[in-house]
Amino acid sequence: MLPARLIPTDRSRAQASTLKSVQSIGQGMISQKKAEILATAESDAKGGIEKRNIQGRDLLSLLIKANMATDIADNARMNDEEILAQVPTFMFAGHETTSTAAAWALYALGCHPAVHAKLNVEARAFYTDTPSMDEFNGMTYLDYVTREVLRLCSSLANGPVC
């Protein structure tokens with residue numbers, strides 16, 4: 001007799017299909033990032049990747065660059081499957097902390113109407129519903145509010161002080 005968990009069900013087939021999709025997308029992202037990193041390294045005067053030169057805008061790029069660095073031991077490197085196993089962690093951990101921070105920001109704005117009003121004035125200064133990143137970066141009061149909310153209500157802290 002087979003254990004119940006080994007009997008295929010609609011749910012187990014859907015889970016397997018979803019896992020296959022996530023792995024396929026993740027492997028594609030890893031391959032693309034590696035190609036970009038290698039192209040950048042080849043165009044660089046030194047032609048290699050070192051730990052001290054690792055910079056990037058996303059966690060996956062940083063992980064791959066660190067893993068490809070020439071100044072780390074071979075036994076310290078992760079294979080593609082190990083890197084792929086980290087992708088869901090990045091996605092879900094980032095989603096959770098971002099949504100928690102947004103919730104605390106909205107709560108803090110509700111508790112401080114004067115701050116909310118001043119932030120509203122700054123936001124209404126734009127003549128578009130879709131401001132560019134440069135316009136967002138120019139919103140200094142939004143930056144102050146965001147940093148203060150993250151300082152007071154950090155997702156990593158024992159509990160919010162808001």
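Which residue does the side chain of R13 meet in a salt bridge? In this predicted model, the partner is D10, and the side chains of the two residues come together with a nitrogen-to-oxygen distance of 3.4 Å. Both residues belong to helix 1, which spans residues 10-43, and because they are three residues apart in that helix, about one helical turn separates R13 from D10. The two ends of this pair fall into separate classes of accessibility: R13, at 47% relative accessibility, counts as partly exposed, whereas D10, with a relative accessible area of 63%, is exposed.

Before following the other charged pairs, it helps to set out the architecture. The chain contains six helices and zero strands, so that, read from the N terminus, the order of its elements is α-α-α-α-α-α. Of the 162 residues in the chain, 18% are buried, and the accessible surface amounts to about 12,200 Å², with carbon and sulfur atoms contributing 59% of that area. Among the contacts in the chain with a separation of 6 or more, 43% are made by residues 24 or more positions apart.

Helix 2, which covers residues 59-68, deserves a separate look. Seven of its 10 residues are buried, and helix 2 is therefore largely enclosed by the rest of the structure. The buried residues of helix 2 are L60, S61, L63, I64, K65, N67 and M68, a list in which the lysine K65 and the asparagine N67 appear beside leucines such as L60 and L63. The term buried is applied here to residues with under 20% relative accessible area.

The salt bridges can now be taken up again. Side chains of opposite charge can pair when their charged atoms come close. A search of the whole structure finds five salt bridges, and the pair of R13 and D10 described above is one of them. Another joins the side chains of K34 and D80, with 2.5 Å from N to O. Since K34 lies in helix 1 and D80 in helix 3, this pair ties together parts of the chain that are 46 residues apart in sequence. Here both partners are in the intermediate class of accessibility, for K34 counts as partly exposed at 24% relative accessibility, and D80 likewise counts as partly exposed, at 26%.

A further salt bridge is found in helix 6, the helix of residues 140-152, where D143 and R147 lie four residues apart, about one turn of the helix. The closest N and O atoms of D143 and R147 are 3.0 Å apart. D143 is partly exposed, because its relative accessibility is 32%, while R147, at 57%, counts as exposed.

What, finally, can be said of the aromatic rings? The count of aromatic pairs comes to one. The pair consists of W104 and Y107, whose ring centres are 5.6 Å apart and whose planes stand at 85 degrees, so the arrangement is edge-to-face; the cut-off behind this step is that planes over 60 degrees apart count as edge-to-face. W104 and Y107 both lie in helix 3, which runs over residues 80-111, and they are three residues apart, or about one turn of the helix. As for their surroundings, W104 counts as partly exposed at 26% relative accessibility, and Y107 counts as partly exposed at 43%.

Note on methods
Residues are numbered from 1 along each chain as its sequence is written. This is a predicted model: local features need pLDDT of at least 70, side-chain atom pairs count only at pLDDT 80 or more; totals for chains, interfaces and linings use all residues. Side-chain values use heavy atoms; hydrogens and water are left out. Helices (H or I, at least four residues) and strands (E, at least two) are DSSP runs, numbered from the N terminus. Buried means under 20% relative accessible area, exposed over 50%, partly exposed in between (1.4 Å probe, protein chains only). Contact means heavy atoms within 4.5 Å. Accessible areas come from the Shrake-Rupley method with a 1.4 Å probe; for residues, only the protein chains shown count as cover. Rings of Phe, Tyr and Trp (its six-membered ring) pair if their centres lie within 6.5 Å; planes under 30 degrees apart count as stacked, over 60 as edge-to-face and the rest as tilted. A salt bridge is a side-chain nitrogen of Lys or Arg within 4 Å of a carboxyl oxygen of Asp or Glu.
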